[in-house]
Amino acid sequence: MQETYMITALKEAIKSFNEGEIPVGAVIVDSTSGEILAKAHNKTECSKNPTAHAEILAILDACKIKNSPRITECDMYVTLEPCPMCAQAISFARIRRLYFGAYDKKGGGVEHGAKIFNAASCHHRPDIYGGIKESESSKLLQDFFANRR
């Protein structure tokens, strides 16, 4: 099932790619029902909003649906290791599990960089599973940046 949700996140990332945004897609799933509650892709350029990352947009939608600032029974699937801002939002939302595709050695905030979930100030750490559909996620990012050079 994890693969199916990550494929949906990849489809969202392709939307970003086609819109000239860094290709990242995110999906939030209700872990009890398996229902996809929210899906989003990066919209920082089109919205002129530096916080319009796929993860943030998906969290906003899922919280509205659940009518709560905490979505403890939900899992997130995202095509790229979340940045520190998104990792902190994942913690604040109390997301149960985080699944991601490509690792981000430069800008990541989970396994690389700030490692938000390891900080003493972090109140919630989701279960973390990286490298799911990693090659597909990485290729999409590589193609995007190759086209921009």
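In this predicted model, P69 sits in the loop that links α3 to β3. Setting aside neighbours within four places in sequence, P69 is in contact with C63, F92 and A93. A useful sense of scale comes from pairing P69 with N147: the two are 78 residues apart in sequence, and their C-alpha atoms are 38 Å apart in space. N147 returns below as part of a helix contact.

The helix before this loop, α3 (residues 54–66), lies across β1, β2 and β3 (74–80). Relative to β2, helix α3 runs at about 150 degrees.

The strands themselves are a good place to look next. Strands of a sheet pair through backbone hydrogen bonds, either parallel or antiparallel. Here five strands form an open sheet with mixed pairing, in the order β2-β1-β3-β4-β5. The edges are held by β2 and β5 (127–129), each with a single partner strand, so one side of each has no neighbour in the sheet. On average, and with direction ignored, neighbouring strands of this sheet are turned by 15 degrees against each other.

At one end of that order, β1 (residues 25–30) and β2 (residues 36–41) run antiparallel and are joined by five bridges. Two pairs of opposite residues help to fix the register: A26 faces A40 in β2, while V27 stands opposite K39 in β2. The two strands form a hairpin with five residues between them. Within this turn, G34 has a positive phi of about 80 degrees.

Turning to helix packing, two packed helices are described by the angle between their axes and the distance between the axes. For α1 (residues 2–18) and α5, the axes come within 11 Å and cross at roughly 0 degrees. Because angles under 35 degrees count as roughly parallel, α1 is roughly parallel to α5. On the α1 side the contact is made by L10, A13, I14 and F17. These residues meet E136, S137, L140, D143, F144 and N147 in α5. By class, the contact of α1 with α5 comprises six nonpolar, two polar and two charged residues.

Helix α5 also matters for the reading of the empty space in the model. Rolling a probe the size of a water molecule over the atoms shows where empty space is left. The largest pocket has a volume of about 500 Å³. It is lined by 24 residues, of which I22, L80, D104, L141 and F145 are the closest to its centre. Two elements, α2 (44–47) and α5 (134–148), give two or more residues to the lining of the largest pocket. The largest share, six residues, comes from α5. For readers thinking about the character of this lining, its residues divide into 10 nonpolar, seven polar and seven charged.

Methods
Residues are numbered from 1 along each chain as its sequence is written. This is a predicted model: local features need pLDDT of at least 70, side-chain atom pairs count only at pLDDT 80 or more; totals for chains, interfaces and linings use all residues. Side-chain values use heavy atoms; hydrogens and water are left out. Two strands pair if DSSP finds at least two bridges between them. Helices (H or I, at least four residues) and strands (E, at least two) are DSSP runs, numbered from the N terminus. On a 1 Å grid over the protein atoms alone, a cavity is a set of points where a 1.4 Å probe fits but cannot get out, and a pocket is an open set with protein on both sides within 12 Å along at least five of seven lines; lining residues have an atom within 4 Å of a point. Grid points are joined across faces, edges and corners, and a volume is the space filled by probe spheres set on the points. Ala, Val, Leu, Ile, Met, Phe, Trp, Tyr, Cys and Pro count as nonpolar, Asp, Glu, Lys and Arg as charged, and the others, Gly among them, as polar. Axes are lines fitted to C-alpha atoms, for helices over the stretch in contact, and angles run from 0 to 180 degrees between N-to-C directions. Angles under 35 degrees count as roughly parallel, over 145 as roughly antiparallel, 65 to 115 as roughly perpendicular and the rest as oblique. Contact means heavy atoms within 4.5 Å.
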